[in-house]
Amino acid sequence: MIREDKGMPFLLRYENVAWYENGQVKILDRRLYPREVKFVVCKSYKEVVSAIKNLVTQSAGPYTAVGMGMALAAYESKDLEKEERIRFLEKAEYELRNSRLTTASRYGIITTRCLKIGKDAIERGQDPIQLIVEDTVTSLNRRYLTMQKVGDNLLKLIPEGGTLLTQCYGETIIGALIRGAKRENKVFKVICAETRPFLQGARLTASCFAEEGFDTTVVTDNMIGDILSKNMVDVFTSAADTITEDGSVVNKVGTLQIALLCKHFNIPYYVTGIPDLGKRSLDDVKIEMRDPEEALTLGGVKHTQIGVKGYYPSFDKTPYDLVSKIVTDKGNFRPEELKNYFTKKSGDFY
């Protein structure tokens, strides 16, 4: 089986994202890493849905998890009659696709393709399980290859010896940037915003860079103004859960305040990813609201008095006028130029 995860950090090797084998899906629990290396073992597609909802995996991890979840659904339904098995897969596709609200359209590209592969195989009298797994790996390969182009384009925008500020965990783009920098022998420092309340920046992004030998520093989310005012940052970057057609960004909550500060201190903000055709503006994006209790805890320990309420939107919306460039597989675009992205021919990404 051809794989494109060579040279990637531990978190980005395929088996450590989500992997189907022998009637179960293993997902590295990113809520615990690097304090613990523990896998959540899912024995039903519903458990995969639950793992995605509960942030066992996040960023681009669910793109793999939903595909492997469809393979698991095919395994669960292997003893059903043809029509009943197809209905089971259709139900699994709907639930996996909608496991998180804001990114459902992206998940759906993968799950609907897996569903079609499954249906076609069942109609031909074939076992769909391995075919769905193979398609999910092909999808992974495609994303890693595409994001390497994005990573290489971002690498050109980082000054030699400069300092890069990151937000949350950009998954594949982090690995691609690291792999590109090592190939080009380019040196830069990294500052990772911690990203409350699950600390993806501190635990995941910082782990990837430190593992590969980069000078890596973590700051709390309320230190961003301080480090920018002291000229400690040259470039700010984040991935995106959505990039709208007008160049606006939906990403982990906290991105907006960093973008505002960067605008004030004249630091460029380069968002990375594949723009979403059909989402014309921020008005077309719904924000997932999470359990407010999650905002009152850190590492499973509650820090507030009984009666204190929480508030926790998963993402915030950064308008295009705070974005310096959208860094894509087809080049770098200012927001007003992003329409040109969609005129250039491209293959599948998800």
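How many residues apart in helix α4 are lysine 116 and aspartate 120, and about how many helical turns separate them? They are four residues apart in that helix, so about one helical turn lies between them. Their side chains form a salt bridge whose closest N and O atoms are 2.8 Å apart. Please keep in mind while reading on that this is a predicted model.

## Salt bridges

Side chains of opposite charge can pair when their charged atoms come close. In the whole structure, a search finds 24 salt bridges. The pair in helix α4 joins two residues that differ in exposure class: lysine 116 is exposed, with a relative accessible area of 53%, while aspartate 120 is partly exposed at 31%. The cut-off that matters here is 50%, because a residue counts as exposed when its relative accessible area is over that value.

Two further pairs involve the segment before β1. Glutamate 15 meets arginine 3 in a salt bridge, with an N to O distance of 2.6 Å. Both residues lie in the segment before β1 (18–21), so this pair ties together parts that are 12 residues apart in sequence. Glutamate 15 is partly exposed, with a relative accessible area of 34%, and arginine 3 is partly exposed too, at 29%. Glutamate 211 and arginine 13 also meet in a salt bridge, here at 3.8 Å, N to O. This one links distant parts of the chain: glutamate 211 belongs to helix α7 (residues 200–211), arginine 13 to the segment before β1, and 198 residues separate the two. Glutamate 211 counts as partly exposed at 37% relative accessibility, as does arginine 13 at 34%. Elsewhere, a network of salt bridges links Arg100, Glu288, Arg290 and Glu294.

## The nonpolar core

In soluble globular proteins, nonpolar side chains tend to be buried together. Here the largest nonpolar core has 96 residues, and the members with the most contacts inside it are Val25, Leu165 and Phe188. Helix α5 contributes the largest share of this core, 10 residues.

Which residues does leucine 165 contact, once its neighbours within four places in sequence are left aside? The list is Ile191, Ala193, Ile224, Ile227, Leu228, Val233, Val235, Phe236, Thr237 and Ile258. Two of these names, Leu228 and Phe236, come up again around cysteine 262, which touches them along with Ile267, not counting residues up to four places away in sequence. Cysteine 262 lies in helix α9 (residues 255–265). At 1% relative accessibility, cysteine 262 counts as buried. For a sense of scale, cysteine 262 and valine 308 are 46 residues apart in sequence and 32 Å apart in space, C-alpha to C-alpha.

## Enclosed cavities

Rolling a probe the size of a water molecule over the atoms shows where empty space is left. There are three cavities of 30 Å³ or more. The largest cavity holds about 400 Å³ of space. Its lining has 31 residues, and those closest to its centre are Ser59, Ala60, Ala239, Ala240 and Asp241. The elements giving two or more residues to this lining are α4 (104–123), α5 (129–155), α6 (172–184) and β9 (249–252). By type, the lining divides into 14 nonpolar, 11 polar and six charged residues.

The second largest cavity has a volume of about 70 Å³. Among its 14 lining residues, Ile173, Ile174, Thr237, Ser238 and Ala239 are the closest to its centre. Both α6 and β7 (235–238) supply at least two residues of this lining, and the largest share, three residues, comes from α6. Its make-up is seven nonpolar, seven polar and no charged residues. Ala239 appears in the lists for both cavities, among the residues closest to the centre of the largest and of the second largest.

## The largest pocket

How much space lies in the largest pocket? The volume comes to about 470 Å³. The lining of this pocket has 20 residues, with Ile274, Pro275, Gly347, Phe349 and Tyr350 nearest its centre. Helix α4 gives the most to the lining, five residues. The lining divides into eight nonpolar, five polar and seven charged residues. Helix α4 therefore connects several parts of this report, since DSSP runs define it as one element: α4 lines the largest pocket, gives residues to the largest cavity, and carries the pair of lysine 116 and aspartate 120.

Conventions
Residues are numbered from 1 along each chain as its sequence is written. This is a predicted model: local features need pLDDT of at least 70, side-chain atom pairs count only at pLDDT 80 or more; totals for chains, interfaces and linings use all residues. Side-chain values use heavy atoms; hydrogens and water are left out. On a 1 Å grid over the protein atoms alone, a cavity is a set of points where a 1.4 Å probe fits but cannot get out, and a pocket is an open set with protein on both sides within 12 Å along at least five of seven lines; lining residues have an atom within 4 Å of a point. Grid points are joined across faces, edges and corners, and a volume is the space filled by probe spheres set on the points. Ala, Val, Leu, Ile, Met, Phe, Trp, Tyr, Cys and Pro count as nonpolar, Asp, Glu, Lys and Arg as charged, and the others, Gly among them, as polar. A nonpolar core is a set of buried Ala, Val, Leu, Ile, Met, Phe, Trp, Tyr and Cys residues joined through side-chain atoms within 4.5 Å. Buried means under 20% relative accessible area, exposed over 50%, partly exposed in between (1.4 Å probe, protein chains only). Contact means heavy atoms within 4.5 Å. A salt bridge is a side-chain nitrogen of Lys or Arg within 4 Å of a carboxyl oxygen of Asp or Glu.
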